[in-house]
Amino acid sequence: MQHAASDAAVDRRWAVLGLGGAALALVAIVVLAAWAAVDRTAGTADADGPAGGSSGEASSYAYPTVVPAPPLDLVDHSGRPFDLADLRGHPVLVFFGYTHCPDVCPATVGTVNRVLGDVGEAPRVLFVSIDPERDTPEAMAEYVRFLPDGYVGLTGNDVQVRAAADGYRVSYAKVETGSEAGYAMAHTAELYLIDPEGRLRFHYPFGTGEEIIAADVAALLAERS
Amino acid sequence: MARLARLAILILGLVALGGLAGCGGSGSIAVSDAWARPSMGMDRAGAAYLVIANEGDEDDVLLGATSPAAATVEVHETTMEGDGSMAMRPIESLAIPAGETVRLEPGGYHMMLIELTGELAVGDEIEITLSFERAGEVTVSAEVREG
């Protein structure tokens with residue numbers, strides 16, 4: 001802050017402060033009104049759009065060709081060999097990430113958790129690590145402790161993890177970033193949905209809304225019964 | 001009369017400022033909507049998000065941040081790579097152009113809270129002090145919550 005040199009300068013400063021404040025308030029009102037208008041428009045578009053969740057139809061994120069879910073020959077967070085076939089009869093959500101991932105993976109976890117809250121019968125969830133160097137079964141166990149019931153943490157050796165990721169066309173690479181937090185992993189951040197018959201049915205890009213995914217899970221459950 | 005006008009102007013200004021309650025501000029930089037994710041064990045970095053608005057006429061630059069909640073705070077950027085994968089890298093500084101708002105939000109810019117000094121549980125509040133080239137230091141309180 002500069003010191004005011006004269007009364008005239010003080011007057012100017014008061015005027016600027018007042019007018020600036022009023023302008024800010026006006027902007028806030030306009031922004032809120034616009035926001036509300038956009039919300040209303042977006043709500044209508046969502047209900048009618050191809051990805052519409054409330055109609056009971058499958059979203060546009062369905063695979064055009066339905067194939068058996070690629071295997072995940074890994075170990076779970078208890079250190080036991082994992083077999084995807086054991087989850088037959090349940091919808092299964094799968095995503096690839098790493099436990100030292102502070103931004104993208106927790107965002108996906110948040111989306112999945114809201115899906116779990118939205119659906120009567122919760123799907124099983126597989127968090128597959130693409131960072132076998134740090135994510136031992138013990139590290140996965142510690143991480144899964146912070147997640148709701150229904151999560152299984154999966155990891156393995158380099159070869160196993162690469163094979164699992166390739167099956168889902170997930171790419172990943174270690175990136176030395178110079179961060180104090182250590183290296184990062186670049187990775188595909190899609191979410192996959194496997195039906196109760198063990199077939200890979202949907203894949204959702206990062207940031208897909210939970211209502212779309214929840215509707216697909218509900219549709220799979222309805223299909224089963 | 002001028003006194004009355006001044007009073008009116010001041011009241012208008014205060015009402016406007018009141019509307020921005022909860023924002024940390026210094027000069028023309030206003031920081032709002034600060035929040036942090038719950039920690040996932042003490043070995044893993046936490047993440048915090050906030051919104052920086054430059055309401056002035058001059059460009060500013062976020063140079064860094066500190067917090068009592070972590071030994072080191074870094075600003076990182078998550079970007080989509082050519083192969084569709086997402087990658088995260090630290091950035092040295094973040095430009096906050098005049099009149100613009102820069103959002104640190106999931107999948108984009110975020111603050112990495114490295115070497116947490118304690119668990120971050122839902123409902124906790126942590127302080128984050130941002131350092132700007134022009135506006136200097138701005139301290140905000142970030143609520144710990146899920147997404």
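**Helix packing and positive phi in a predicted model**

Me: How do α2(A) and α5(A) lie relative to each other, parallel or oblique?
Reply: In this predicted model, local features need pLDDT of at least 70 and side-chain atom pairs pLDDT 80 or more, whereas totals for chains, interfaces and linings use all residues. Residues are numbered from 1 along each chain as written, with chains lettered from A and ligands numbered from 1 in written order. Helix α2(A) and helix α5 (residues 210-224) of chain A (DSSP runs of H or I, at least four residues, numbered from the N terminus) pack at about 50°, with axes 9 Å apart; axes are lines fitted to C-alpha atoms over the stretch in contact, and angles run from 0 to 180 degrees between N-to-C directions. Because angles under 35 degrees are roughly parallel, over 145 roughly antiparallel, 65 to 115 roughly perpendicular and the rest oblique, α2(A) and α5(A) are oblique.

Me: Which residues of α5(A) make the contact with α2(A)?
Reply: Contact requires C-beta atoms, placed from the backbone, within 7 Å. Helix α2(A) contributes Thr111(A), Arg114(A), Val115(A) and Asp118(A), and its partners in α5(A) are Glu210(A), Ile213(A), Ala214(A) and Val217(A).

Me: What is phi of Asp33(B)?
Reply: Asp33(B) belongs to strand β2 (residues 29-36) of chain B, a strand being a DSSP run of E, at least two residues. Although not glycine, Asp33(B) has a positive phi, near 50°.

Me: Is Glu115(B) buried or partly exposed?
Reply: Glu115(B), in strand β9 (residues 109-116) of chain B, has a positive phi near 60°. Residues are buried with 20 or more other C-beta atoms within 10 Å, exposed with 12 or fewer, and partly exposed in between. With 15 such atoms, Glu115(B) is therefore partly exposed.

Technical notes: Two residues are in contact if their C-beta atoms, placed from the backbone, lie within 7 Å.
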